[in-house]
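Colleague: I am still new to reading structures, and I would love a close look at one spot on this one. Could you start with a single residue in a loop and then walk me on from there?

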Amino acid sequence: MTRPYLANPKNTIEVLQKYEFVFQKRFGQNFLIDSHVLDKIIAAAQITKDDFVLEIGPGIGTMTQYLAFAAREVAAIEIDRSLIPILKDTLKEYENVTVIHQDILKTDIVKLVQEKNSGKPVKVVANLPYYITTPIIMGLFEKHVPIESITIMVQKEVADRMQVGPGTKEYGALSLAVQYYAEPEIVANVPPNCFMPRPKVGSAVIKLTRHRERPVDVEDEKLMFRIIRASFNQRRKTLANSLKNSSELSFTKQQIEEAIAFCGLPAAVRGEALTLQQFAQLSNYFSENT
Ligand code: SAM
């Protein structure tokens with residue numbers, strides 16, 4: 001198998017020119033051109049020859065070559081039709097790669113993992129299209145795709161949001177959702193000059209290692225996430241008012257006040273002050289008492 005060779009400006013430009021490729025802004029296309037960043041991603045993801053890896057958005061195949069080199073098998077899902085013939089060319093020497101021309105948000109990933117890896121946990125590695133970072137991550141978790149870890153390039157600000165706890169302005173529904181399912185760890189900060197074209201924002205690589213056991217016991221996950229969403233929809237309001245005003249919930253004022261008091265929280269507390277444990281406690285109270 002040829003060593004990965006695309007991760008530099010010269011070879012990337014050569015491929016783009018050969019195929020007269022036109023970047024599509026609407027697909028969030030910023031291709032990696034820095035081999036050090038790719039080495040870091042592969043090391044953080046701890047890929048071995050036992051692993052099946054799912055890549056989202058291979059672009060011209062820069063990261064795919066690294067993954068193919070390190071893993072047993074790779075499936076790469078790409079939405080842009082014009083990249084498919086390019087990938088056929090750049091990945092021709094990598095026999096353990098399957099490129100699938102599809103929208104990741106419409107892909108039955110559980111079925112794919114069943115077919116390709118007998119349903120055993122997979123590693124997801126990607127330089128994500130930033131316009132759909134949250135739906136991709138939430139889709140992987142909520143659809144219960146068997147996953148060991150997700151190592152992804154995202155917008156720096158989004159990586160920070162996944163990692164923080166209460167008391168910071170970045171804390172929100174994404175922080176709680178990610179931390180419910182996984183342990184987040186920022187692995188590297190990546191400046192715009194590592195991409196072609198350069199994004200307007202800073203980027204970071206974050207690794208989400210799935211919890212073996214959930215950190216909290218929740219009777220009704222869906223209810224807890226409805227409560228979390230409602231709490232952060234109106235950040236400046238009290239938790240009681242946010243829950244009362246939510247179209248997704250139908251608790252009475254009295255039920256809400258009782259639940260907040262039961263959890264030992266001040267009546268005027270804001271949702272942004274609650275930990276994951278406190279949201280779980282609140283949700284369990286509603287499950288058992290309403
Ligand atoms: N992995 C390549 C790299 O690092 O150079 C490209 C990364 S680029 C940030 C994101 C890639 O995701 C693009 O190739 C883009 O066409 C693809 N993409 C965007 N939306 C997608 C979707 N809904 N499903 C699958 N791929 C998508």
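Modeller: Let's start with Gln46, which is exposed, with a relative accessible area of 51%. For a residue to count as exposed, that value has to be over 50%, so Gln46 meets the cut-off. Please keep in mind that everything we look at here comes from a predicted model. Gln46 sits in the loop between helix 2 (35-45) and strand 2 (52-56). Its backbone has a feature to notice: phi is positive, about 50 degrees, although Gln46 is not a glycine.

Now look along the chain for Ser118, which also has a positive phi of about 50 degrees without being a glycine. You will find Ser118 in the loop that runs between helix 5 (109-117) and strand 5 (122-127). Is Ser118 buried or exposed? With a relative accessibility of 53%, Ser118 counts as exposed.

Another backbone feature is in the loop between strand 8 (195-196) and strand 9, where Pro197 has its place. The peptide bond that leads from Met196 to Pro197 is cis, and its omega is near -15 degrees.

If you follow the chain past strand 9, you come to the loop between strand 9 and helix 9, which holds Glu213. Glu213 counts as exposed, at 67% relative accessibility. Try picking out Arg226 as well: Glu213 and Arg226 are 13 residues apart along the chain, and their C-alpha atoms are separated by 22 Å.

For a contrast with these exposed loop residues, turn to Asp103, which is buried. Asp103 also belongs to a loop, the one between strand 4 (97-101) and helix 5. Does Asp103 have a salt bridge, or has it none? It has none: the nearest side chain of opposite charge is Lys106, 4.1 Å away, and a salt bridge needs the nitrogen and the carboxyl oxygen within 4 Å. The side chain of Asp103 does have a polar partner, though, since one of its polar atoms lies 2.8 Å from the backbone nitrogen of Leu105.

Asp103 also takes us to the ligand. Altogether 23 residues surround the ligand, and the closest are Gly57, Glu78, Asp103, Asn127 and Tyr131. Which backbone atoms come into play? A polar backbone atom of Gly57 is 2.8 Å from a nitrogen atom of the ligand, and one of Ile104 is 2.9 Å from a ligand nitrogen. At Gly59, a backbone N or O atom lies 3.2 Å from an oxygen atom of the ligand. The protein covers 99% of the 600 Å² of accessible area that the ligand has on its own.

Let's return to charged side chains for a moment. Side chains of opposite charge can pair when their charged atoms come close. In this model, the count comes to 15 salt bridges. Helix 7 (156-163) is a good place to look. One pair there is Asp160 and Lys156, whose closest N and O atoms are 2.7 Å apart. These two residues are four apart in helix 7, so about one helical turn separates them. Asp160 is partly exposed at 23%, and Lys156 is partly exposed at 26%. Glu157 and Arg161 form a salt bridge too, with an N to O distance of 3.7 Å. They are likewise four residues apart in helix 7, which means about one helical turn lies between them. Glu157 counts as partly exposed at 46% relative accessibility, and so does Arg161 at 30%. Elsewhere, salt bridges that share partners join Arg235, Arg236, Arg270 and Glu272 into one network.

Helix 7 leads us to the last stop, helix 8 (residues 173-181), which is mostly covered. How many of its nine residues are buried? The number is eight, and among them are Leu174, Leu176, Val178 and Tyr181. What covers these buried residues includes helix 7, along with helix 6 (133-142), helix 9 (221-233) and helix 12 (276-289). Strand 7 (182-190) and strand 9 (203-210) are also part of that cover. So now you can set Gln46, exposed at 51%, beside a helix in which eight of nine residues are buried.

Methods. Residues are numbered from 1 along each chain as its sequence is written. This is a predicted model: local features need pLDDT of at least 70, side-chain atom pairs count only at pLDDT 80 or more; totals for chains, interfaces and linings use all residues. Side-chain values use heavy atoms; hydrogens and water are left out. Buried means under 20% relative accessible area, exposed over 50%, partly exposed in between (1.4 Å probe, protein chains only). Contact means heavy atoms within 4.5 Å. A residue is near a molecule or strand if one of its heavy atoms lies within 4 Å of it. A polar contact is a pair of N or O atoms within 3.5 Å; within protein, one must be able to donate a hydrogen and the other to accept it, and residues adjacent in sequence count only if both atoms are side-chain atoms. Accessible areas come from the Shrake-Rupley method with a 1.4 Å probe; for residues, only the protein chains shown count as cover. Lys and Arg count as positive and Asp and Glu as negative; His and the chain ends are not counted.
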